[in-house]
Amino acid sequence: MRLLRSTDLALRVLMRLAVAGESTPATREVAADMNVPYTHLAKVVAELQHLGLLAARRGRGGGLTLTEKGRTASVGAVVRSFEGDGDVVECEGATPCPLNSACRLRGALRRAQEAFFASLDPLTVADMIATPTGPLLLEIGRAS
């Protein structure tokens, strides 16, 4: 299974903010630390804010902070939110698959996708920043 770029960025933003402590980095700062385009990261931050996983304040003294919900969020739930609940393969659409009415592959792929998500469910954002990841994230932020 391959994650969307936005899902990857969402997880990395949450991890970055989980180690931020009292600092409230701006979206531009996080984008620079992660070496990603600001506009792309801003969309991800907006969705994370909508989900209640982070808070964003504009202006002087503003920045991004992880909410308690964000700190304890299930990685599986975050991935589901960004990936959506669509099928792994597109069986219908402009050119429907001729096997669609009698296909067993679609169900098998759906079960595999759910198993993938389920394997991420027990992990929280806080779990993802345990050593050695957390200290490395702190160093990345200081290197800028």
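**Salt bridges, close up**

E29 sits partly exposed, with a relative accessible area of 39%. Keep that residue in mind for the second view; everything here comes from a predicted model, and the salt-bridge count for the structure is 6.

**View 1. D8 and R5 pair up within helix α1.** The closest N and O atoms of this salt bridge are 3.5 Å apart. Both residues belong to helix α1 (residues 5-18), where 3 residues, about one turn of the helix, separate them. Neither side is hidden away: D8 is partly exposed at 29% relative accessible area, and R5 is partly exposed at 41%. Zoom out a little and R12 joins in, since R5, D8 and R12 are linked in a network of salt bridges.

**View 2. R16 reaches E29 in a salt bridge.** Here the closest N and O atoms are 3.8 Å apart. The pair ties together distant parts of the chain, with R16 in helix α1 and E29 in helix α2 (residues 27-34), 13 residues apart. What about burial? R16 counts as buried because its relative accessibility is just 8%, under the 20% cut-off, whereas E29 is partly exposed at 39%.

**View 3. D33 also meets R16 in a salt bridge.** The N to O distance is 2.8 Å for these side chains. Again distant parts of the chain are linked: D33 lies in helix α2 and R16 in helix α1, 17 residues apart. Are these two partners buried or exposed? Both D33 and R16 are buried.

Technical notes
Residues are numbered from 1 along each chain as its sequence is written. This is a predicted model: local features need pLDDT of at least 70, side-chain atom pairs count only at pLDDT 80 or more; totals for chains, interfaces and linings use all residues. Side-chain values use heavy atoms; hydrogens and water are left out. A salt bridge is a side-chain nitrogen of Lys or Arg within 4 Å of a carboxyl oxygen of Asp or Glu. Helices (H or I, at least four residues) and strands (E, at least two) are DSSP runs, numbered from the N terminus. Buried means under 20% relative accessible area, exposed over 50%, partly exposed in between (1.4 Å probe, protein chains only).
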